Number of protein chains: 2
Amino acid sequence: MNESIATRDPDLTQARILDAAFDLFVDKGFAAVSMRELAERSGVTKSLIHHHFGTKEGLWDAVKEAAFARYYEGQKDELEGADSPDPELLKNGVTRYFRFLQENPQVVRLFTWMHLEGDTTCNEMDAELVELGARRVREAQDAGLLRSDVNPTHVVTVFINACSQWFEVRPQHKNWEGIGSDDEYLDDFLKIFMDGLAPRATGPETDGN
Amino acid sequence: MNESIATRDPDLTQARILDAAFDLFVDKGFAAVSMRELAERSGVTKSLIHHHFGTKEGLWDAVKEAAFARYYEGQKDELEGADSPDPELLKNGVTRYFRFLQENPQVVRLFTWMHLEGDTTCNEMDAELVELGARRVREAQDAGLLRSDVNPTHVVTVFINACSQWFEVRPQHKNWEGIGSDDEYLDDFLKIFMDGLAPRATGPETDGN
DNA sequence: GCATTGACTGACCGGTCGGTCAATTAGTAA
DNA sequence: TTACTAATTGACCGACCGGTCAGTCAATGC
């Protein structure tokens, strides 16, 4: 706050503002954050934020765009990295997604704010990621590695829901009696999820296809 | 708005204010709602709200308390209504919970706001409900009707998460390609969930090892 | 040198915020 | 009727809101 910028660097300034705004918006929500607060946190004047981002909504949009772009790139890379259909692949996919949310709690909160707002700006990208995952599931189904009587999109949705909601409510549930650690929850979920997705014995014999 | 109260009825007035506040807070979140807006919506003066509820926070607390009390009573009754341990019971429990959220989308949003706020006022009641459900699961496990190598609390948590997150993001996902209706999602989830919870073949019978 | 551009500032704007308060009004018990 | 209590009102408060604007200041090109 006391330090002023050594030399004029608009890019760095914008990055500073975006960082502070990300933290504050994620923490308190859009409506509960004031421009003055944002200015103080990022060490610039309120007017400067308006200069770079126009309105408060403009800044909020920029924050969401930047955060989601990072998320999107990371997830897309991981989804496209895998190749051969394999149940182990699904398990790893779930685990990686779970780890990602675990390490990025702010992303969970950001998405939750956006959902409550009815924000649809990231809808196509979101849909694309799920579509990518669903395609993997369908490949595994066609290869006879996963049961085929469930909608692949729902398979992906179930694990996304089970993971993201876990971290969304984690702060409240943390010290509940009977509830385990992140890893224990993940283990139990994977047991249920993977065994529940195992190919069904449709006939009298062991399903070999 | 035009109608004024025929005769003074403080209870009715408070109920009116609570109703309007519930709708507005659930819709826009605590910070984004103004006392003037609340007053106009409930057809009373701003001062009158302060008279009955003290502060804006006081009204918010009252709204949350009332809503959660209703939720708590309903859920508790359903959980205590069941008696014999039975896998069908778990399936019915999931279905009933799913239907409840389906019919009460505002409750989903309210809880999400509360989670983001870090609200812990309903934590004990929440924990009690999950504990009740977990006890049912444990009974079924002890009776050999469900696999025993998973934490009963996690079993309950998984289905709560899968259901509530579904409705939390539903407005955004509604017209995604590949995604089905509420009922189709529930069916697919139940397939995975129930089969994933079936007792494992550890013994002499048809064993895959 | 000088003009131009854009980053950056601080004072200021009208409006809205949550909350208060004295005064009025309607029920109620004596 | 009277006295009391509580519901209800509208005017009002200081603080804060998001946003604007004229102007300063540093870099860049000529």
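Visitor: Before we look at the DNA, what counts as a polar contact here?
Guide: In this predicted model, a polar contact is a pair of N or O atoms within 3.5 Å. One case involves the backbone of A:K56, where a polar atom is paired with a phosphate oxygen of DNA strand D at a distance of 2.9 Å.

Visitor: Which other side chains make polar contacts with DNA strand D, and which of its base atoms is 3.0 Å from A:R8?
Guide: On the backbone of DNA strand D, a phosphate oxygen has a polar side-chain atom of B:H51 at 2.7 Å. A:R8, by contrast, places an N or O atom of its side chain 3.0 Å from a base atom of DNA strand D, and that atom is an oxygen.

Visitor: Which residues come nearest to DNA strand D?
Guide: There are 21 residues around DNA strand D, and by class they are five nonpolar, ten polar and six charged. Of the atoms of DNA strand D that come within 4 Å of the protein, sugar and phosphate account for 51%. The nearest residues are drawn from both chains, namely A:K46, B:R8, B:T45, B:S47 and B:H51.

Visitor: Which helix gives the most to the surface near DNA strand D?
Guide: At least two residues each are supplied to this surface by α2 (35-42) and α3 of chain A and by α1 (10-28) and α3 of chain B. With four residues, the helix that gives the most is α3(B).

Visitor: Turning to DNA strand C, how many residues surround it, and how do they divide by class?
Guide: DNA strand C is surrounded by 22 residues, with A:T45, A:S47, A:H51, B:R8 and B:K46 the closest. Sugar and phosphate make up 53% of the atoms of this strand that come within 4 Å of the protein. By class, the residues of the surface near DNA strand C are five nonpolar, ten polar and seven charged.

Visitor: Which side chain lies 2.3 Å from a base oxygen of DNA strand C?
Guide: Two polar contacts with DNA strand C involve phosphate oxygens: a polar side-chain atom of A:T13 lies 3.2 Å from one, and an N or O atom in the side chain of B:H50 is likewise 3.2 Å from a phosphate oxygen. The contact with a base oxygen, at 2.3 Å, comes from a polar side-chain atom of A:S47.

Visitor: Which helix gives the most to the surface near DNA strand C?
Guide: The helices that each supply at least two residues here are α1 and α3 of chain A, together with α2 (35-42), α3 (46-53) and α4 (56-81) of chain B. Among these, four residues come from the helix that gives the most, α3(A).

Visitor: How are helices α1 and α3 of chain A oriented to each other?
Guide: The axes of α1 (residues 10-28) and α3 (residues 46-53) of chain A come within 11 Å and cross at roughly 105°. The contact joins A:P10, A:T13, A:Q14, A:I17 and A:L18 of α1(A) to A:L48, A:I49, A:H52 and A:F53 of α3(A), and by class it has six nonpolar, three polar and no charged residues. Angles of 65 to 115 degrees count as roughly perpendicular, and the orientation of α1(A) to α3(A) is therefore roughly perpendicular.

Visitor: What relation links chain B to chain A?
Guide: Chain B can be laid on chain A with an RMSD of 0.1 Å by a turn of 180° and a shift of 0.0 Å along the axis. In chain B, the C-alpha nearest the axis belongs to B:G196, at 1.8 Å. Because 98% of the interface residues of chain B are also interface residues in chain A, the copies meet through the same surface. The relation is that of a two-fold axis.

Notes: Residues numbered from 1 in each chain as written. Chains lettered and ligands numbered in written order. Predicted model: local features only at pLDDT ≥ 70, side-chain atom pairs only at ≥ 80, totals over all residues. Heavy atoms only, no water. Axes fitted to C-alpha atoms, helices over the stretch in contact; angles between N-to-C directions. Parallel < 35°, antiparallel > 145°, perpendicular 65-115°, else oblique. Contact = heavy atoms within 4.5 Å. Nonpolar A, V, L, I, M, F, W, Y, C, P; charged D, E, K, R; others polar. Least-squares fit on C-alpha atoms with pLDDT ≥ 70 in both. Near = heavy atom within 4 Å. Polar contact = N/O pair within 3.5 Å; in protein donor to acceptor, adjacent residues only side chain to side chain.
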